[in-house]
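Welcome! Please take a moment to look over the sequence and the 3D view below, and then we can walk through them together.

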Amino acid sequence: MNNQQNLGLPLEYQQMPEYFDAQNVNVETEVNNALIERLLNAHNVKSVLDMTCGTGSQVFYLHQRGYEIIGSDFSSPLIRQAREKARSRGVDIRFLEGDMRELEVGKFDAVISIFNAIGHLSKWDFAKALKNIRANLKDGGIYIFDIFNLEAISDKVIQDFDMEIESTVNGVKIKHTQHSEVDRENSLLTSHDHYTIFKESEKLEIRTNTFHLQIYTAQELKDLLMQNGFETVYQCDMSGKGFVADKSLIVLTVARKRG
């Protein structure tokens with residue numbers, strides 16, 4: 001994905017995939033997955049393509065509940081982990097490596113891309129991805145995705161984004177700190193990561209990284225969807241409650257493929 005050179009990526013996506021789940025899967029994940037399932041069920045969805053599946057959080061959740069689902073992601077290290085999870089759990093799920101702007105798998109009732117995944121694309125690339133998502137949807141199929149809501153990201157919210165997480169993965173201790181800033185003129189959320197990795201009988205390993213997320217207002221999303229062959233069906237926050245422009249930190253959007 002050429003866009004990665006512009007916005008960057010979290011280190012766990014490529015260089016540190018073994019830490020991906022520790023950094024990105026938590027108690028909220030199950031709650032978010034349940035909301036996604038409710039939305040899919042409300043639209044009588046049976047088949048799903050997760051185009052940014054990572055290590056498969058949404059894929060395994062929906063597969064367990066009877067959905068026909070395929071997972072794809074541009075990150076080969078994360079796809080390898082997802083496949084290994086499937087083997088260890090004894091489940092038959094297809095995981096593909098592919099770019100959401102180009103990968104054509106088939107025709108599905110729904111496509112999903114969760115956990116701010118579209119933020120790793122520029123606006124131009126997101127428009128390109130939307131055209132390709134349409135190609136993977138049946139007529140009238142739906143696309144569900146989430147992204148940070150620019151209107152709700154106040155200076156106080158940016159301060160609250162600061163975090164410090166300690167985790168242990170395969171006996172390796174990781175301390176991860178992050179602080180962020182927002183460029184409202186260019187709609188970019190920039191995060192600065194610092195990892196301290198404690199490996200037994202080895203020196204401390206320090207890794208730092210900066211990446212950007214393209215973020216949107218709810219109206220910008222509606223406009224982009226309309227321009228690229230979708231109609232917005234519903235927008236809410238990640239609790240499932242109605243979207244409030246200056247308060248909902250994340251906008252979860254359900255869009256339908258037009259004509």
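## A four-stranded sheet

Strands β8 and β9 run antiparallel and are joined by 10 bridges. Across this pairing, Y195 of β8 faces R207 in β9. The two strands make a hairpin with six residues between them, and S201 in the turn shows a positive phi of about 65°. Please keep in mind that this is a predicted model.

The hairpin strands belong to an open sheet of four strands, ordered β6-β7-β8-β9 with antiparallel pairing. At its edges stand β6 (163-169) and β9 (205-214); each has a single partner strand, so one side of each is left without a neighbour in the sheet. From one strand to the next, the twist averages 20°. Inside this order, β7 (residues 172-183) pairs with β8 (residues 188-198) over 11 bridges, again in the antiparallel sense. Here H179 has H192 of β8 standing opposite.

## A seven-stranded sheet

Now look for another open sheet, this one with seven strands. Its order is β3-β2-β1-β4-β5-β11-β10, and its pairing is mixed. The edge positions go to β3 (94-97) and β10, each with a single partner strand, so one side of each has no neighbour in the sheet. The twist here averages 20° from one strand to the next.

One parallel pairing in this sheet is that of β1 (residues 47-50) with β2 (residues 68-73), joined by four bridges. S47 has E68 in β2 as its bridge partner. Helix α5 (residues 76-89) packs on the sheet and touches β2 and β3; the direction of α5 makes about 170° with that of β3. Helix α6 lies across β4 (108-113), β5, β10 and β11, and runs at about 145° to β5.

## Helix α8 and its buried side

Which residues of helix α8 (residues 218-227) are buried? They are A218, L221, L224 and L225. These residues cover an arc of only 125° around the axis, which puts them on the same side of α8. They pack against α6 (123-135), β5 (137-148), β10 (230-236) and β11 (250-257). Just after the helix, G229 takes a positive phi of about 90°.

## Aromatic rings

A pair of aromatic rings is described by the distance of the centres and the angle of the planes. In this model there are eight aromatic pairs. One of them joins F126 and Y216: this pair is tilted, at 5.9 Å centre to centre with 55° between the planes. F126 lies in helix α6 and Y216 in the loop between β9 and α8, so the pair ties together parts that are 90 residues apart in sequence. Are these two residues buried or exposed? F126 is buried, with a relative accessible area of 0%, and Y216 is buried as well, at 1%.

Another pair brings together Y143 and F145. Their ring centres are 4.7 Å apart and their planes are at 20°, so the pair is stacked. Both Y143 and F145 are buried. Ring pairs link F126, Y143, F145, Y216 and F230 into a cluster.

## Charges over rings

Finally, try finding two arginines beside aromatic rings. The charged end of R65 sits over the ring of Y61, 3.5 Å from the ring centre. Likewise, R89 has its charged end over the ring of F60, 4.4 Å from the centre of that ring.

Notes
Residues are numbered from 1 along each chain as its sequence is written. This is a predicted model: local features need pLDDT of at least 70, side-chain atom pairs count only at pLDDT 80 or more; totals for chains, interfaces and linings use all residues. Side-chain values use heavy atoms; hydrogens and water are left out. Two strands pair if DSSP finds at least two bridges between them. Axes are lines fitted to C-alpha atoms, for helices over the stretch in contact, and angles run from 0 to 180 degrees between N-to-C directions. Buried means under 20% relative accessible area, exposed over 50%, partly exposed in between (1.4 Å probe, protein chains only). The arc is that of the directions from the helix axis to the C-beta atoms. Contact means heavy atoms within 4.5 Å. Rings of Phe, Tyr and Trp (its six-membered ring) pair if their centres lie within 6.5 Å; planes under 30 degrees apart count as stacked, over 60 as edge-to-face and the rest as tilted. A charge sits over a ring if NZ of Lys or CZ of Arg is within 6 Å of the ring centre and within 35 degrees of the ring normal.
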